[in-house]
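Subject: Structure for your review

Dear colleague,

Please find below the structure that I am handing over to you. I would be grateful if you could read the notes that follow with the model open beside them.

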Amino acid sequence: MTCAVSGGPDSLALLVLATAANLRVTAVYVDHGLRSASGADAAVVAAAAAALGAEFRCLQATVAPGPNLEARARRARYGVLPPDALLGHTADDRAETVLLNLLRGAGPAGVAAMPPEHRRPLLGLRHADTREVCRLAGLTPALDESNLDPAIRRNLVRHELVPLLEEIFERDVTPLLCRHADLAHETVEALDAAVAELDPRDGAALAAAPRALARWALRRWIAEARGATTTGDRHPPDLAAVDRALAVATGDAKAADVGGGWRVRRSARRLHLELAATPPAVCQTDPP
């Protein structure tokens, strides 16, 4: 069993609990090449793995250029980790992701952040719990200074927004946000079931369907196509892109760009999703 271990308290607690469960564990540290302290952090993980009787590996990940360093580093990390690697996300991480996605306007799929699954066995724990696990195991977690950087939006959510919400509502808001994510996940499952028989390539069927279901079917179709490419970009299209595709389905446009170099066109009332050789600089919609 592979555990992704950064050296922080959450992932170290994951390593402790996995070895305590008598699993054969390999602790994998991913070096993004972004921090001068990465060597020291890797040493912390290697020492913890040795103390707990686990194997240790250090993998190198290349972070692509562009905006949103956190997202780019995450994609690079997941790109080198085994697909079944366990991750040390906690309930606090999930609550923060709900807030971030909610304020991005991500819709029910975004709000259904980090649904419980075998890869995230610590979602029922809090940051305070993982720190206590490390203390009891005699481990001193590494300190990642980037977790205090106010330029990273998640840090502002963690250190400023969540405490402010708790002050306003006079309660611990993390369980509420996680419950909201669970309800959103149920909604996502219901929408998936509702569009299971709706062909996203059938323009007439999409035009006749309720707008919410037509949008959902197109969103799934485009996201699945992206995930099938070598880039592995499984992020769904944004609402504007979905609505451009819906305009093609209803006959208001012949073709439209839907982001990521993809284009939807209509022929004989059937929709076709194509990957352009060169992504356009600007998203465009061709009139009917």
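The notes below cover the nonpolar cores, one pocket and the aromatic rings.

Please bear in mind that this is a predicted model.

Nonpolar cores. The largest nonpolar core has 43 residues, and those touching the most other members are Leu206, Leu218, Trp221, Val258, Val264, Leu271 and Leu273. At least two residues of this core come from each of several elements, among them helix 4 (91–103), helix 8 (174–194), helix 10 (211–227) and helix 11 (239–249). Strand 4 (255–259), strand 5 (262–267) and strand 6 (270–275) are also on that list, as is helix 7 (153–169). A second core, separate from this one, comprises 21 residues, including Val16, Ala27, Leu86 and Cys134.

Which residues does Leu206 contact, leaving aside neighbours within four places in sequence? They are Leu198, Asp199, Pro200, Ala214, Ala217, Leu218, Ala249 and Leu271.

Pocket. The volume of the second largest pocket is about 150 Å³. Its lining consists of Asn68, Leu69, Glu70, Leu100, Arg104, Ala151, Ile152, Arg153 and Arg154. Helix 3 (69–80) and helix 7 each contribute at least two of these lining residues. Helix 7 likewise supplies at least two residues of the largest core.

Aromatic rings. The count of aromatic pairs is zero. Two arginines do lie over rings: Arg219 is over the face of Trp216, 4.9 Å from the ring centre, and the charged end of Arg119 sits over the ring of Tyr78, at 6.0 Å from its centre.

Yours sincerely

Technical notes. Residues are numbered from 1 along each chain as its sequence is written. This is a predicted model: local features need pLDDT of at least 70, side-chain atom pairs count only at pLDDT 80 or more; totals for chains, interfaces and linings use all residues. Side-chain values use heavy atoms; hydrogens and water are left out. Rings of Phe, Tyr and Trp (its six-membered ring) pair if their centres lie within 6.5 Å; planes under 30 degrees apart count as stacked, over 60 as edge-to-face and the rest as tilted. A charge sits over a ring if NZ of Lys or CZ of Arg is within 6 Å of the ring centre and within 35 degrees of the ring normal. A nonpolar core is a set of buried Ala, Val, Leu, Ile, Met, Phe, Trp, Tyr and Cys residues joined through side-chain atoms within 4.5 Å. Buried means under 20% relative accessible area, exposed over 50%, partly exposed in between (1.4 Å probe, protein chains only). Helices (H or I, at least four residues) and strands (E, at least two) are DSSP runs, numbered from the N terminus. Contact means heavy atoms within 4.5 Å. On a 1 Å grid over the protein atoms alone, a cavity is a set of points where a 1.4 Å probe fits but cannot get out, and a pocket is an open set with protein on both sides within 12 Å along at least five of seven lines; lining residues have an atom within 4 Å of a point. Grid points are joined across faces, edges and corners, and a volume is the space filled by probe spheres set on the points.
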